[in-house]
Amino acid sequence: MADLNTDIRYIKGIGEQRAKALEKLGITDLRGLISWFPRRYDDRTQTKKIAELVPGESACVAAMIASPPTVSHVRKGMDLVKVRAVDDTGVLDVTFFNQTWLKNNLVQGGTYIFYGKAEGNLLRRTMASPIVEAEGRREFTGRIVPIYPLTAGVSQLILSRSIRQGLDACADILPDVLPDSVRQEHHLCRIEYAYENIHFPESPEALDLARRRLAFEELFLFTIGLQRLRSRRETVHVMPCHDVDMDAFYGSLPFTLTDAQRRCVDEALADMRSGVPMNRLCQGDVGSGKTMVAAACVYFCVKNGRQAALMAPTEILAKQHYAGLAPLLEGLGIRCALLTGSTPAKTKRSIAEQLAAGEIDFAIGTHALITEGITYRDLGLVVTDEQHRFGVAQRAALAAKGEHPHTLVMSATPIPRTLALILYGDLEVSVIDQLPPGRQPVETYAVPGSYHQRVYNFIRKLAAEGRQTYIVCPMVSENDELPDERKAVTEYAKKLQSEVFPDLKVAFVHGKMKAKEKDAVMTAFAAHETDILVSTTVIEVGVDVPNAAVMVIENAERFGLSQLHQLRGRVGRGSYLSYCILISDNRNEETRQRLKVMTKTTDGFKIAEEDLRLRGPGDFFGQRQHGLPGLKIADIGCDTQLLQEARQAAEALLEQDPELASCPAAAERLRELFTQAADTLN
């Protein structure tokens with residue numbers, strides 16, 4: 001009999017070929033299959049008459065095939081199937097592209113349900129390549145239909161049928177991790193009902209019940225996982241750090257730290273003197289000076305005779321940290337080294353030997369810092385930059401290189417403090433809520449697409465003054481396949497280079513490029529070898545380019561406010577007045593409100609509060625959100641109240657039963673989740 005770890009190849013109806021396709025999505029076992037949740041739903045429960053179809057809107061229509069389908073060969077690789085369907089209100093002309101098998105499947109006189117976008121006018125309605133099925137079949141019409149994230153070679157049909165097979169295989173073996181008392185107190189449905197109705201909802205109400213149940217379960221386990229991490233830390237005792245005269249450090253800086261920076265340093269050093277390992281989140285806007293807080297902690301740690309390490313998410317960011325910190329700290333007698341994936345093997349061996357011998361005090365690098373061959377003589381402090389790019393597992397792996405080292409996590413992703421205290425249940429939270437003096441706020445404007453020529457003229461004017469520009473394109477997809485960011489970015493960059501800015505140097509960067517290629521493009525931009533950089537949000541966390549003074553964001557309505565704020569933080573990092581131009585033709589009132597917020601404030605925390613209030617499901621962490629356990633269906637933004645409920649339930653259960661002896665399914669699931677998180681490092 002199947003269990004949730006069963007390889008999907010052995011699930012009835014799936015087999016080798018389909019399993020290979022699903023593996024592209026990372027789906028390899030039964031649990032992964034049934035936990036591949038839809039990203040949205042289409043309500044196809046209502047059918048319209050042909051005369052009721054509105055051009056430009058998608059709808060279901062029931063109609064009879066009035067004449068035999070015809071096939072015409074337009075050109076190589078393009079065949080059209082045309083058919084005329086009728087009801088008692090009118091005529092619908094339907095065209096299918098490269099679906100010649102439909103010629104024999106659509107029978108004259110038969111009634112079918114067509115679902116697609118209606119076009120044409122009052123006299124003649126048309127549909128191009130709609131979904132079609134025989135009336136009464138109800139596989140793709142006549143119900144609420146889930147729409148899943150896909151990849152090449154996996155269609156909605158394949159995924160939906162595979163999930164149906166998976167649910168049938170495990171309907172009787174789904175473990176319920178929630179105790180009955182918790183489920184009843186919070187009015188949650190049973191797990192079997194939840195999985196069935198998240199994928200094949202009987203009604204909107206059933207879908208709401210299913211989603212609430214599954215989101216509660218995720219947040220419940222999430223809370224227990226974080227509580228476990230916190231309790232482990234609180235039961236560990238380490239040798240307290242002794243006091244260090246910090247005046248030498250502060251005196252070496254070419255500027256004075258802000259009051260907020262000094263407060264965060266004081267909080268961190270108090271942790272390090274406490275005899276319990278520090279586990280602190282330092283949160284602040286781009287440019288607020290988090291790195292100097294980290295540098296103070298590194299100085300304090302090394303002067304206590306221990307080593308420190310800083311891990312950044314990209315090689316270029318690691319190099320930037322090294323370039324900024326090494327001269328400062330080496331001037332104070334601290335030996336520094338840079339270790340990344342591109343470090344030559346001979347140099348890497350030398351650094352590894354020096355770290356093991358204690359001859360290097362401070363290592364800066366990427367994931368290379370946590371590879372198998374790297375050991376530290378006495379790692380006392382771990383700093384991770386851009387928390388949302390790593391998560392619990394990666395910082396735990398670096399911490400495991402030492403004997404209960406202190407941990408400082410830095411994040412430029414502003415989220416409301418109350419939410420941070422819940423979300424980072426295993427961390428204390430420090431907030432840098434001041435910017436250094438002299439930083440000019442970035443002037444922000446929201447304009448329609450008709451302003452493009454004026455924007456281009458402005459970019460040219462600033463380029464003549466020696467300034468550089470970022471242009472960010474969202475990843476746009478017109479269908480359910482994954483968007484092709486390469487095409488969007490490269491084509492736009494080519495157009496700008498050939499038609500708009502032939503006399504300027506235009507480059508592009510996107511997430512599908514290899515790390516070395518991305519780093520090369522970013523390094524060239526930082527060196528002012530290019531004037532304009534066209535990019536996806538891959539530059540959200542990137543190199544510091546003080547000369548960049550313009551950030552143009554196309555289709556700005558597609559981004560959350562917090563993400564827009566992160567992107568805006570790429571400019572205004574030097575002494576020049578900088579500008580952020582948000583381009584959007586979306587006239588939706590909510591969109592206009594959101595973009596107006598960006599033009600009115602540069603305070604990341606106010607923006608985060610507005611993101612929660614206006615957008616609901618505020619994606620503070622983008623697609624790379626990591627937690628322990630990961631959140632597949634719950635949303636920290638719109639599920640704040642549910643998070644509070646789940647947290648209270650989890651804390652109450654742990655107080656009565658710390659080892660979860662009364663709830664073995666929850667204990668087992670947590671073990672699996674911790675193991676999976678650790679496996680992401682390999």
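Which residues is F216 in contact with, leaving aside its neighbours within four places in sequence? I took this as my opening entry, noting that the model is predicted.

**Entry 1: F216.** I listed the contacts of F216 beyond those sequence neighbours and found L178, V182, H186 and L188. The list continues with L642, E645, A646 and A649.

**Entry 2: the largest nonpolar core.** I next looked up the largest nonpolar core, which has 55 residues. Within this core, L159, F216 and F220 touch the most other members. I then recorded which elements give two or more residues to the core: α1 (15-23), α2 (30-34), α4 (156-170), α6 (191-199), α7 (204-234), α21 (640-656) and α22 (664-679). I noted that α7 provides the largest share, 9 residues.

**Entry 3: a second core.** I also found a second core, separate from the largest one, with 45 residues. Among its members are C241, C264, M272 and A312.

**Entry 4: T444.** I turned to T444 and placed this residue in strand β18, which spans residues 443-447. Is T444 buried or exposed? I entered T444 as buried because its relative accessibility is 9%, and the cut-off for buried is under 20%.

I then examined the polar contacts of the T444 side chain. The side chain of T444 makes a polar contact of 2.8 Å with the side chain of R568. I also noted that the T444 side chain reaches the backbone oxygen of V442 at 3.3 Å.

Finally, I listed what T444 touches when residues up to four places away in sequence are not counted: R568, C580, L582, M598 and T599.

Notes:
Residues numbered from 1 in each chain as written. Predicted model: local features only at pLDDT ≥ 70, side-chain atom pairs only at ≥ 80, totals over all residues. Heavy atoms only, no water. Helix = DSSP H or I, 4+ residues; strand = E, 2+ residues; numbered from the N terminus. Buried < 20%, exposed > 50% of the residue type's maximum accessible area, 1.4 Å probe, protein only. Polar contact = N/O pair within 3.5 Å; in protein donor to acceptor, adjacent residues only side chain to side chain. Contact = heavy atoms within 4.5 Å. Core = buried A, V, L, I, M, F, W, Y, C linked by side-chain atoms within 4.5 Å.
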